[in-house]
Amino acid sequence: MIYKFALFTAAATVMAGAPAAAAAAPSDPQIAHIAYTAGVIDIAAGRQALARSHNREVRSFAQQMIRDHQAVNGKALALVKKLHVTPAPNPTSASLQKDANATLRRLSRLHGRTYDRAYINNEVAYHRTVNGALESTLIPAAKNGELKSLLQTGLSLFREHQAHAEQVAKDLK
Amino acid sequence: MRLRRSIVLAAGGGALLSACPAMAVPHTYIVVIDKMKFGPTPSQLRTGDAIVWINRDFLRHGATAADHSFNVDLPPRTKARTVLAKRGTIPFVCRYHPGMRGTLVVK
């Protein structure tokens with residue numbers, strides 16, 4: 001019931017065609033696009049949750065996802081503008097978006113408690129995966145100090161989200 | 001990181017301190033929130049002192065005391081003031097991000 005986009009694997013394909021040793025190192029414009037896309041995806045999931053769920057705890061969680069990810073993406077947009085960087089679409093962000101679209105379609109067919117559990121379980125898995133990718137790939141690869149700092153703040157935030165989602169999932173059992 | 005400022009809370013407070021050295025003039029201390037963290041908390045707090053919480057983050061935060069003695073909401077780049085009314089060790093948490101925690105010790 002959770003979506004299984006392979007962010008780690010996809011990150012390694014960012015530089016498809018490049019020598020193997022450099023394949024896992026996305027550029028700053030690619031990292032910016034991946035991070036922004038990840039935020040857009042969770043905002044869309046949160047909006048879907050607000051439209052479908054009547055559970056107070058689930059709705060509160062969704063509102064927080066929308067608020068926090070909008071704030072991070074706003075900060076990211078301001079940063080790339082300041083740095084004169086154009087976020088670069090890449091296979092990782094495309095894979096993220098494709099899997100997210102499939103998940104939204106699947107969740108749109110669910111109702112009530114079944115929907116709530118599926119949404120929250122997906123949020124746990126999503127944040128776990130994104131956090132792993134941030135920690136192991138995106139933050140180490142970021143060259144610009146301000147981008148790296150924003151990603152690190154994002155990681156602290158998304159760890160909170162993961163813990164929050166895990167708590168809600170527990171409460172829904 | 002700690003910015004500590006003595007603020008005379010009432011006109012003539014300085015003179016009051018001079019005349020009555022045993023009476024402590026309330027101080028105002030600043031706790032900065034940035035990058036998903038509370039900055040260091042003051043170590044010499046007394047009842048009547050105030051904390052000004054400054055949220056320099058781009059995220060919404062809060063400071064909520066475990067004993068319910070204060071509860072401030074801090075939208076991005078805002079500040080709020082709390083007067084410490086009672087003694088004790090007071091854990092506090094960000095209501096939006098419960099992993100963000102701190103403790104005030106008020107004597």
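User: Hey, let's start with chain A. Among its contacts with a separation of 6 or more, how many join residues 24 or more positions apart?
Analyst: In this predicted model, residues 24 or more positions apart account for 81% of the chain A contacts with a separation of 6 or more.

User: And what about chain B, for residues at least 6 apart in sequence?
Analyst: There, 45% of such contacts join residues at least 24 apart.

User: What is chain A built from, helices or strands?
Analyst: Chain A has six helices and zero strands. Read from the N terminus, the order is simply α-α-α-α-α-α. Of its 173 residues, 49% count as buried, and its accessible surface comes to about 8,200 Å², with 58% of that belonging to carbon and sulfur atoms.

User: Same rundown for chain B, please?
Analyst: Happy to. Chain B holds one helix and nine strands, in the order β-α-β-β-β-β-β-β-β-β from the N terminus on. It has 107 residues, and buried ones make up 40% of them. The chain exposes about 5,900 Å², and carbon and sulfur atoms supply 55% of this.

User: I'm looking at β4 in chain B. Is it mostly covered or open?
Analyst: Mostly covered: β4(B) spans residues 50-55, and six of its six residues are buried.

User: Which residues point which way from it?
Analyst: A50(B), V52(B) and I54(B) point one way, while I51(B), W53(B) and N55(B) point the other, and all of these are buried. That fits the usual pattern, since side chains in a regular strand alternate between the two faces of the sheet.

User: Nice. Which strands does β4(B) pair with?
Analyst: One is β2(B), residues 28-34, which pairs with β4(B) in the parallel sense over six bridges. Another is β7(B), residues 79-83, which runs antiparallel to β4(B) and is joined to it by five bridges.

User: Can you give me residues to click on for those pairings?
Analyst: Sure. For the β2(B) pairing, look at V32(B), whose bridge partner in β4(B) is I54(B). For the β7(B) pairing, take V52(B), whose bridge partner there is R81(B).

User: Switching topic: how many residues does each chain bring to the contact?
Analyst: Chain B brings 11 residues and chain A brings 12. The area buried between the two chains is about 1,000 Å², and carbon and sulfur atoms give 63% of it.

User: How many salt bridges are found across that interface?
Analyst: Zero, by the rule used here.

User: Back to chain A's surface. Which residues form a nonpolar patch?
Analyst: Y36(A), V40(A) and L77(A) form one, with about 230 Å² of accessible area together.

User: Where is Y36(A), and why can it belong to a patch?
Analyst: Y36(A) is in helix α2 of chain A, residues 28-52. It can belong because patch residues need over 30% relative accessible area, and Y36(A) is partly exposed at 32%.

User: Last one: which residues have a positive phi although they are not glycines?
Analyst: Two to look at are H84(A), with a phi of about 55 degrees, and H68(B), with about 65 degrees. Most residues other than glycine have a negative phi.

User: Where do those two histidines sit, and are they buried or exposed?
Analyst: H84(A) is in the loop between α3 (56-82) and α4 (91-107) of chain A, and at 74% relative accessibility it counts as exposed. H68(B) is in the loop between β5 (61-65) and β6 (71-74) of chain B, and it counts as exposed too, at 72%.

Definitions and conventions
Residues are numbered from 1 along each chain as its sequence is written. Chains are lettered from A and ligands numbered from 1 in the order in which they are written. This is a predicted model: local features need pLDDT of at least 70, side-chain atom pairs count only at pLDDT 80 or more; totals for chains, interfaces and linings use all residues. Side-chain values use heavy atoms; hydrogens and water are left out. Patches are made of residues with over 30% relative accessible area and no salt bridge: like charges are joined within 9 Å, nonpolar side chains (Val, Leu, Ile, Met, Phe, Trp, Tyr) within 5 Å. Accessible areas come from the Shrake-Rupley method with a 1.4 Å probe; for residues, only the protein chains shown count as cover. A salt bridge is a side-chain nitrogen of Lys or Arg within 4 Å of a carboxyl oxygen of Asp or Glu. Helices (H or I, at least four residues) and strands (E, at least two) are DSSP runs, numbered from the N terminus. Buried means under 20% relative accessible area, exposed over 50%, partly exposed in between (1.4 Å probe, protein chains only). Two strands pair if DSSP finds at least two bridges between them. Contact means heavy atoms within 4.5 Å. Buried area is the accessible area (1.4 Å probe) that two parts lose on being put together, summed over both.
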